[in-house]
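I'm opening a fresh page in my notebook for this one. Below is the thing I'm looking at, and after it come my notes.

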Amino acid sequence: MSDKQEFIYVIRLQPAYLDRSIWTDKENNIIEEHFQYLLQLKEAGELILAGRTQTSDEKTFGIVILRVDNELEARLIMEQDPAVANQLMTSELYPYSIAVM
């Protein structure tokens with residue numbers, strides 16, 4: 001049995017960026033970096049799942065489920081996510097446990 005722990009972070013676009021029609025190359029590049037970052041986490045075996053709701057309003061959110069050594073590692077991963085680090089999205093981290101997969 002693994003000593004790894006599961007965490008989930010919930011991300012939401014900052015309200016000013018809900019309207020994607022106003023996005024510039026900067027925002028589009030941040031999202032591409034965010035996606036590549038998630039792929040790297042998957043390759044490293046730290047990412048279990050990532051996805052987002054298919055709405056485009058203030059209720060829209062994404063989730064990233066991690067399996068890592070501890071909360072500090074999960075927090076660092078979240079804070080280094082390009083979408084979070086560049087303040088395109090807000091984030092909240094929670095301890096998590098997958099019940100059924």
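**Notes, starting from a loop**

I began with Asp-19, which sits in the loop between β1 and α1. I should jot down early that this is a predicted model. Is Asp-19 buried, exposed or partly exposed? Its relative accessible area came out at 41%, so I put Asp-19 down as partly exposed. Then I checked Asp-19 against Asp-57: the two are 38 residues apart in sequence, while their C-alpha atoms are 8.2 Å apart in space.

**The whole chain**

Next I stepped back and looked up the elements. I found three helices and four strands in the protein chain. Reading from the N terminus, I wrote their order down as β-α-β-β-α-α-β. I also looked up the radius of gyration, which is 14 Å; the globule rule gives 13 Å for 101 residues, and the two are close, so the chain is as compact as a globular protein of that length.

For the extents, I noted that the C-alpha trace spans about 50 × 25 × 20 Å along its principal axes. How much of the chain is buried? Buried residues make up 33% of the 101. The accessible surface comes to about 6,700 Å², and carbon and sulfur atoms hold 52% of that.

I looked at contacts too. Taking those between residues at least 6 apart in sequence, 69% join residues at least 24 apart. On charges, I have 9 positive and 17 negative ones, and the mean positions of the two sets are 4 Å apart.

**Strand β1 and its partners**

Which strands pair with β1? One is β3: β1 covers residues 5-13, β3 covers residues 62-68, and they pair in the antiparallel sense over seven bridges. Another is β4, residues 89-96, which pairs with β1 over eight bridges, again in the antiparallel sense.

I used Tyr-9 as my marker here. On the β3 side, Tyr-9 stands opposite Val-64. On the β4 side, Tyr-9 stands opposite Leu-93.

**Ile-77**

I moved on to helix α2, residues 71-80, where Ile-77 has its place. Buried or exposed? Ile-77 has 7% relative accessibility, so I count it as buried, the cut-off being under 20%. Leaving out residues up to four places away in sequence, I listed what Ile-77 touches: Tyr-9, Tyr-37, Leu-41, Glu-46, Leu-66 and Val-68. For Leu-66 I also took down the C-alpha separation from Ile-77, which is 9.1 Å with their positions eleven residues apart along the chain.

**Asp-81**

Asp-81 lies in the loop between α2 and α3. I looked up its relative accessible area and got 0%, so Asp-81 is buried. What does Asp-81 contact, apart from its neighbours within four places in sequence? I wrote down Tyr-9, His-34, Tyr-37 and Leu-38. Tyr-9 and Tyr-37 were on my Ile-77 list as well. I checked Arg-67 too: Asp-81 and Arg-67 are 14 residues apart in sequence, and their C-alpha atoms are 16 Å apart in space.

**Gln-87**

Where is Gln-87? I found Gln-87 in the loop between α3 (82-85) and β4. I noted its phi, which is positive at about 60°, although Gln-87 is not a glycine. Most residues other than glycine have a negative phi, so I marked this entry with a star. As for its surroundings, Gln-87 has 59% relative accessibility, so it counts as exposed, the cut-off being over 50%.

**Leu-39**

My last stop was Leu-39, in helix α1, residues 25-43. Leu-39 has 39% relative accessibility, so I filed it as partly exposed. I also looked up Leu-39 against Ala-50: they are eleven residues apart in sequence and 9.5 Å apart in space, C-alpha to C-alpha.

Key
Residues are numbered from 1 along each chain as its sequence is written. This is a predicted model: local features need pLDDT of at least 70, side-chain atom pairs count only at pLDDT 80 or more; totals for chains, interfaces and linings use all residues. Side-chain values use heavy atoms; hydrogens and water are left out. Helices (H or I, at least four residues) and strands (E, at least two) are DSSP runs, numbered from the N terminus. The radius of gyration is taken over C-alpha atoms; the globule rule is 2.2 Å times the number of residues to the power 0.38. Buried means under 20% relative accessible area, exposed over 50%, partly exposed in between (1.4 Å probe, protein chains only). Contact means heavy atoms within 4.5 Å. Accessible areas come from the Shrake-Rupley method with a 1.4 Å probe; for residues, only the protein chains shown count as cover. Lys and Arg count as positive and Asp and Glu as negative; His and the chain ends are not counted. The place of a charge is taken as NZ of Lys, CZ of Arg, CG of Asp or CD of Glu. Two strands pair if DSSP finds at least two bridges between them.
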